[in-house]
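Here is a short set of questions and answers for a newcomer. Please keep the sequence and the 3D view open while you read.

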Amino acid sequence: MSTLHGRRGRMPSRALLVVAALSAMALLTGCGATDIPTPRRTVTVFVDAPGATPAPSPSASRPAVGTMQPADSASSVPTALAVGRQRGAPHSYAEARARLEAASPAAAATDRFRSPTGNIVCTIGGSSSLAACEVKKGRIDPPLPSICPPDGPKDVGRIELDASGAVPVCNSDTLREGDEPQLPYGSRTASADPVGCVSEEFGVTCVDASTQHGFFLARDTFVTF
């Protein structure tokens with residue numbers, strides 16, 4: 001005790017507590033109280049507070065832009081579709097109509113024609129459509145499962161234009177008769193009203209002025225609008 005009192009200044013409170021604890025232990029030991037259990041050591045673990053749960057990205061709950069949902073029936077097929085490379089294809093009635101008006105009219109009127117390569121044949125004013133064109137080679141995989149019926153061909157070979165718009169058809173029949181006159185590139189059918197078609201090196205475009213619908217068809221690609 002003399003050593004503690006000999007220190008300069010006031011004894012810290014922590015030291016006083018240690019001294020009191022040692023004195024109590026000495027008294028208990030002297031009294032034979034040795035069966036008191038040793039206190040368990042307490043360990044405190046500090047952890048970081050949990051962060052706020054990150055908000056889900058908007059794209060995680062929203063379908064990707066431009067993603068097509070399967071249609072339930074053929075009647076729900078949209079009138080605006082674009083499949084394949086679409087090289088040189090118009091994507092609106094206004095663009096297609098401008099091409100028709102810029103093209104040279106055919107020398108003779110006809111309701112049937114073929115492209116210079118013969119791969120595309122078309123009819124105008126048929127019994128079931130205002131205009132229709134089909135490819136011989138380069139049929140197209142449908143963009144929607146509802147386009148092709150389950151018991152028929154699984155690819156699109158024809159586009160038919162009627163009053164409700166242009167519709168892709170998974171045809172098993174053909175428009176081709178073998179004697180269709182050629183419509184040169186850069187030429188259109190003699191009549192453009194209300195329905196007309198133009199033949200270009202990269203495909204055939206047909207439009208209906210009364211409904212302002214139309215389509216473009218080429219090997220491995222088509223556009224409807």
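Buried means under 20% relative accessible area. The model is predicted.

Q: Is Cys-148 buried or exposed?
A: The cut-off for buried is under 20% relative accessible area. Cys-148 has a relative accessible area of 10%, so Cys-148 is buried.

Q: Which residue forms a disulfide with Cys-148?
A: The sulfur atom of Cys-148 lies 1.9 Å from that of its partner. The partner is buried too, with a relative accessible area of 9%. That residue is Cys-170.

Q: How many residues apart in sequence are the parts that Cys-148 and Cys-170 tie together?
A: Cys-148 lies in the loop between strand 5 and strand 6. Cys-170 lies in the loop between strand 7 and strand 8. The pair therefore ties together parts separated in sequence by 22 residues.

Q: Is the disulfide of Cys-148 and Cys-170 right-handed or left-handed?
A: Look at the torsion about the S-S bond. For Cys-148 and Cys-170 it is about -70 degrees, so the disulfide is left-handed.

Q: Which strands hold Cys-122 and Cys-133?
A: These two cysteines form a disulfide, with sulfur atoms 2.0 Å apart. Both are buried. The pair ties together parts 11 residues apart in sequence, because Cys-122 lies in strand 4 and Cys-133 in strand 5.

Q: Is the disulfide of Cys-122 and Cys-133 right-handed or left-handed?
A: The torsion about the S-S bond decides it. For Cys-122 and Cys-133 the torsion is about 115 degrees, so this disulfide is right-handed.

Q: What pattern do the disulfides of the protein chain follow?
A: The structure holds 3 disulfides. Cys-197 and Cys-206 form one of them, with sulfur atoms 2.0 Å apart. Counting bonded cysteines along the chain, the pattern is 1-2, 3-4, 5-6.

Q: In strand 10, which residue is the bridge partner of Cys-197?
A: Strand 9 and strand 10 pair in the antiparallel sense over 6 bridges. They form a hairpin with 2 residues between them. Cys-197 is buried, at 0% relative accessibility. Its bridge partner in strand 10 is Cys-206.

Q: In what order do the 7 strands of the open sheet stand?
A: The pairing in this sheet is mixed. Strand 1 and strand 2 stand at the edges with a single partner strand each, so one side of each has no neighbour in the sheet. The order is 1-12-11-10-9-8-2.

Q: Which helix packs on the sheet?
A: The helix covers residues 93-102. It touches strand 2, strand 8, strand 9, strand 10 and strand 11. Its direction makes about 105 degrees with that of strand 10. This is helix 4.

Q: Which residue of strand 9 stands opposite Ser-187?
A: Strand 8 and strand 9 pair in the antiparallel sense over 2 bridges. Opposite Ser-187 in strand 9 stands Ser-199.

Q: How many residues of strand 10 are buried?
A: In a regular strand the side chains alternate between the two faces of the sheet. In strand 10, Gly-203, Thr-205 and Val-207 on one side are buried. Val-204, Cys-206 and Asp-208 on the other side are buried as well. The count is 6 of its 6 residues.

Q: In strand 11, which residue is the bridge partner of Val-204?
A: Strand 10 and strand 11 run antiparallel, joined by 5 bridges. They form a hairpin with 4 residues between them, and Gln-212 in the turn has a positive phi of about 60 degrees. Val-204 also touches Phe-113, Ile-120 and Phe-215, among others. Its bridge partner in strand 11 is Leu-217.

Q: How many residues has the largest nonpolar core?
A: In soluble globular proteins, nonpolar side chains tend to be buried together. Those with the most contacts inside this core are Cys-133, Ile-147, Val-204, Phe-215, Leu-217 and Phe-222. Among the strands that each supply at least two residues are strand 1, strand 4 and strand 10. The core has 27 residues.

Q: How many residues are in the second, separate core?
A: This core includes Tyr-93, Val-207, Ala-218 and Phe-225. Val-207 is one of the buried residues of strand 10. The number of residues in the second core is 12.

Methods:
Residues numbered from 1 in each chain as written. Predicted model: local features only at pLDDT ≥ 70, side-chain atom pairs only at ≥ 80, totals over all residues. Heavy atoms only, no water. Pairing = 2+ DSSP bridges. Contact = heavy atoms within 4.5 Å. Axes fitted to C-alpha atoms, helices over the stretch in contact; angles between N-to-C directions. Disulfide = S-S within 2.5 Å. Buried < 20%, exposed > 50% of the residue type's maximum accessible area, 1.4 Å probe, protein only. Core = buried A, V, L, I, M, F, W, Y, C linked by side-chain atoms within 4.5 Å. Lists of a residue's contacts leave out its neighbours within four places in sequence.
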